[in-house]
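I opened my notebook to look through this structure step by step. Come along and check each entry against the picture.

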Amino acid sequence: MKLFHLLSLAAMVVSGIRAADAPPEPGHSMHGEAFNEGPRQAAVLLGGTGDVHFSVTTKSEMAQRFFDQGVGQIHGFWYFEAERSFRQVAALDADCAMAYWGMAMANVNNPKRAADFIKQATRRRDRASHREQLWIDSLAAYLTEKKTDEKQRREELVRALEELSFEFPDDIEAKAFLVLQHYDNKGHGIPITARKAVDALAREVLAANPMHPGIHHYRIHLWNNGDGDKHALDSAALCGQSAPSIAHLWHMSGHTFSNLKRYTDAAWQQEASARVDHAYMIGAHILPDQIHNFAHNNDWLVKNLGYVGRVHDGIELAKNMIELPRLPSRDSSSYALGRERLVDLLVKFELWSDLTALEGTMYLAPNENPVAEVNRLRALGVAYFNGGDRARAEEKLTALETSLRKAREERVAAADAAEQKAKADKKSGDEIDRQMLAALRRFAPRIDLTEGAIAELRMYRALADSKIEEAKGEFGKTRDISVDRQARLWLELGDKDKAGKLAREAIGKDDQQVQPVANLAWILWQLGKKDEARKIFGKLRDISARIDLDLPAFTRLAPIASDLGLSADWRAPQRVAADTGTRPSLDALGPFRWHPYEAPDWTLPDAEGKAHALADFAGKPVLVLFYLGHGCIRCVEQLNLFAPMAKDFAAAGISMVAVSTDSADALHETAAQSKDTAGFPFPILADEGLAAFKHYRAFDDFEHIPLHGAFLIDGAGRVRWQDISFQPFRDPKWLLGECKRLLSFPATPTAHTAAAK
């Protein structure tokens with residue numbers, strides 16, 4: 001059964017949490033601001049969230065099961081779903097104080113919400129056991145006692161967890177969260193003076209529960225620096241298996257394997273994480289960047305795919321990151337990281353025609369960020385020069401020179417503005433100088449980067465004209481060219497010694513990444529050092545199982561392979577390490593790439609009783625605005641913001657429709673509030689029974705109230721973008737641009753979805 005259907009069934013059994021006296025605004029929670037945010041749809045027992053039991057005071061067996069699930073999700077840093085599980089506990093048993101403790105724990109990165117939740121737990125403290133009161137009191141002191149500094153409060157939290165574990169020695173969760181607190185404190189200026197002692201505490205938990213997901217997670221963090229990762233290999237083997245439904249726990253083992261330069265194993269772990277996340281998001285109707293660590297995992301996965309030579313897979317996933325819907329109120333880091341990784345792979349593996357083919361597409365569209373735009377122009381310029389298209393390369397060089405002039409002009413203007421403001425504020429002469437200098441310095445990274453990019457393209461131009469000395473002079477001004485590419489350039493410039501030296505330097509500290517090793521083998525062969533080239537080629541074969549042989553970095557090694565009497569496919573067989581645990585099939589975990597989910601169907605009447613259906617828009621995209629009736633002032637404001645832009649959406653081929661909680665007879669109340677005497681320029685439909693609201697999850701299952709929603713549905717009937725909130729989405733101009741961007745991409749996965757075996 002699909003996760004969406006499970007969630008719908010769960011909503012039917014949810015009971016309400018006790019309401020406050022004052023009626024909230026439409027879409028707002030009756031329990032206060034903290035409950036407006038976060039998951040507002042029912043939880044389900046997912047399975048695979050870890051063998052965890054944390055006994056709490058409740059008369060509901062189901063509430064206890066959801067509480068255990070929430071604790072397992074916290075151990076996996078799956079905070080969004082953890083909060084959902086704890087909300088479900090409160091819905092089933094509003095008097096369960098620890099439900100609110102859990103909500104606070106699920107918001108460790110949002111202190112204000114966490115403090116609001118722990119206050120709810122404190123109010124119910126007398127209904128909890130003594131042990132639970134200690135848990136509540138320790139977290140309440142940390143979150144709400146602001147008289148002491150954070151470092152002191154963190155140290156006191158450690159002592160409170162120690163006392164709890166002494167008084168209740170069988171409570172292994174106290175020890176588990178104590179291990180977490182030691183690790184977390186380290187990131188806030190409190191060093192771990194004896195990692196082995198903390199590890200001994202962790203092993204006490206494993207002695208009682210060998211598959212405790214939190215301990216395997218925290219041990220990886222504990223040892224993830226310097227040469228310590230080898231001490232966490234046993235946890236790296238079990239971390240994902242301990243809670244297979246939590247993507248982050250598959251990811252964590254990648255930290256260990258990456259630091260040990262075991263990139264094939266790291267890539268496997270991160271691909272497992274990506275697949276689990278993709279399956280969850282598609283099924284739960286969650287947008288990717290709503291998920292903690294999703295962008296970071298996929299960014300790192302693409303890097304590791306490049307390290308092992310799975311470049312086509314890396315390019316596909318980087319493109320998928322660019323295709324993901326962006327969220328204006330959040331850091332949509334998948335998009336930015338996807339662009340970085342895509343360009344990096346194409347340049348690193350010299351796929352010049354592939355790179356230039358993306359110009360003019362949304363994959364490599366001009367970027368409003370000046371630094372990102374410099375990097376785009378630089379990459380295109382390099383690709384055009386290497387591909388022999390001098391005219392297009394010169395265009396990019398000219399654009400960079402224009403960008404540099406603009407940056408310098410903006411720098412002067414910023415310094416002038418800083419001076420004028422400082423004088424208006426009657427600052428001293430020294431302070432005026434300091435503020436002007438600060439304004440100037442802000443432009444330094446951008447200008448340095450642009451100057452380096454210009455020098456790089458001028459170097460390629462000089463090379464194309466066989467002006468070797470001029471090329472060498474420009475080479476000295478370049479920035480951030482990888483060492484292996486520098487080696488190839490020096491070979492082209494005729495400096496064989498420098499080429500060989502740099503090629504060796506590229507693998508000096510890491511000889512497990514296939515591209516630099518292949519680069520060294522080729523350069524040594526070109527230099528006539530054939531015995532050494534054969535030796536390095538042998539090292540490459542040891543790590544060659546997954547490389548894409550059609551890439552320039554590997555096709556040019558054909559003479560070496562032939563010399564050694566090897567076949568055209570000279571890759572070594574895949575070897576599976578014995579210390580990686582029992583791994584499932586990757587295909588069983590989820591799809592390699594994210595894709596939009598199918599929009600639920602609907603048929604709804606307008607004010608005249610005419611039926612409209614989603615099927616009416618088949619073959620063309622439609623923007624659907626779910627609003628909370630004519631009595632919601634903010635909803636009417638939203639409709640009046642979108643109405644003037646309806647023609648712009650239509651010009652982009654996008655229809656628009658609004659769905660109301662009103663009855664069909666009451667829809668005229670909305671039309672009467674249009675700022676245009678002609679009414680709203682899109683159909684307004686009635687969903688009085690809220691069936692469509694519920695199917696689209698624009699509904700709070702805990703409080704049984706509709707929520708504001710906006711959904712872009714493409715012509716194939718897939719939801720490409722959405723916003724579900726306690727308040728309506730109010731930026732139609734931004735959304736129009738995002739709709740155009742998203743609709744330029746295919747909605748379904750491409751044929752190439754190779755998986756690591």
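**Entry 1: a loop residue**

Is Ser428 buried, exposed or partly exposed? I looked it up in what is a predicted model, and Ser428 turned out to be partly exposed, with a relative accessible area of 44%. The label follows because partly exposed covers the range between under 20%, which is buried, and over 50%, which is exposed. I found Ser428 in the loop between α19 (390-424) and α20 (429-441). I then paired Ser428 with Leu736: they are 308 residues apart in sequence, and their C-alpha atoms are 48 Å apart in space.

**Entry 2: the whole chain**

Next I stepped back to the full chain. I noted 34 helices and 10 strands in its secondary structure. Along the principal axes, the C-alpha atoms fill a box of roughly 85 × 70 × 70 Å.

What radius of gyration would a compact globule with 757 residues have? I wrote down near 27 Å for such a globule, and the chain has 29 Å, which agrees. I also saw that 55% of the 757 residues count as buried.

For contacts with a separation of 6 or more, I found that 69% come from residues 24 or more positions apart. The chain exposes about 32000 Å², and carbon and sulfur atoms supply 51% of that area. I looked up the charges too: the mean positions of the 95 positive and 104 negative charges are 5 Å apart.

**Entry 3: helices and their lengths**

How far does helix α3 reach from its first C-alpha to its last? I read 20 Å for the 14 residues of α3 (residues 79-92), close to the 20 Å expected at 1.5 Å a residue. Helix α3 is mostly covered, with 13 of its 14 residues buried.

I tried helix α34 (residues 732-743) in the same spirit. Its 12 residues should span 16 Å at 1.5 Å a residue, and the end C-alpha atoms are 16 Å apart, which agrees. The multiplier is one less than the number of residues, so the end-to-end span counts the steps between residues. In α34 I listed Pro732, Leu735, Leu736, Glu738, Cys739, Arg741 and Leu742 as buried. That list includes Leu736, the partner I had used for Ser428 in the distance check.

**Entry 4: an enclosed helix and its neighbours**

Why is helix α12 (residues 247-259) largely enclosed by the rest of the structure? I counted 12 of its 13 residues as buried, so the rest of the structure largely encloses it. Among the buried residues of α12 are Trp250, His251, Met252 and Phe257. I followed the packing outward: the buried residues of α12 pack against α2 (61-75), α10 (213-223), α11 (233-242), α13, α14 and α29 (586-589).

Two of those partners got a closer look. In helix α14 I picked Asn298, which is buried with a relative accessible area of 1%. Leaving out residues up to four places away in sequence, Asn298 touches Ala274, His278, Leu317 and Met321. The C-alpha atoms of Asn298 and Ala174 are separated by 33 Å, and these residues are 124 apart along the chain.

In helix α29 I picked Leu586, which counts as buried at 4% relative accessibility. Leu586 and Glu373 are 213 residues apart in sequence and 36 Å apart from C-alpha to C-alpha.

Is Ala568 buried or exposed? I found Ala568 exposed, with a relative accessible area of 75%. Ala568 sits in the loop between α28 (558-563) and α29. Its C-alpha atom is separated by 7.3 Å from that of Ala558, 10 residues away along the chain.

**Entry 5: positive phi angles**

I kept one reminder on the page: most residues other than glycine have a negative phi. With that in mind, I noted three residues.

- Asn293 has a positive phi of about 75 degrees although it is not a glycine. I found Asn293 in the loop between α13 (263-284) and α14 (294-308), partly exposed at a relative accessible area of 22%.
- Arg697 is not a glycine either, and its positive phi is about 65 degrees. Arg697 lies in the loop between α33 (691-695) and β7 (699-700), where it is buried with a relative accessible area of 5%.
- Lys261 comes just after α12 and takes a positive phi of about 60 degrees.

Conventions. Residues numbered from 1 in each chain as written. Predicted model: local features only at pLDDT ≥ 70, side-chain atom pairs only at ≥ 80, totals over all residues. Heavy atoms only, no water. Helix = DSSP H or I, 4+ residues; strand = E, 2+ residues; numbered from the N terminus. Buried < 20%, exposed > 50% of the residue type's maximum accessible area, 1.4 Å probe, protein only. Rg over C-alpha atoms; globule rule 2.2 N^0.38 Å. Contact = heavy atoms within 4.5 Å. Areas by Shrake-Rupley, 256 points an atom, 1.4 Å probe, with all protein chains shown as cover. Lys, Arg positive; Asp, Glu negative; His and termini not counted. Charge placed at Lys NZ, Arg CZ, Asp CG, Glu CD.
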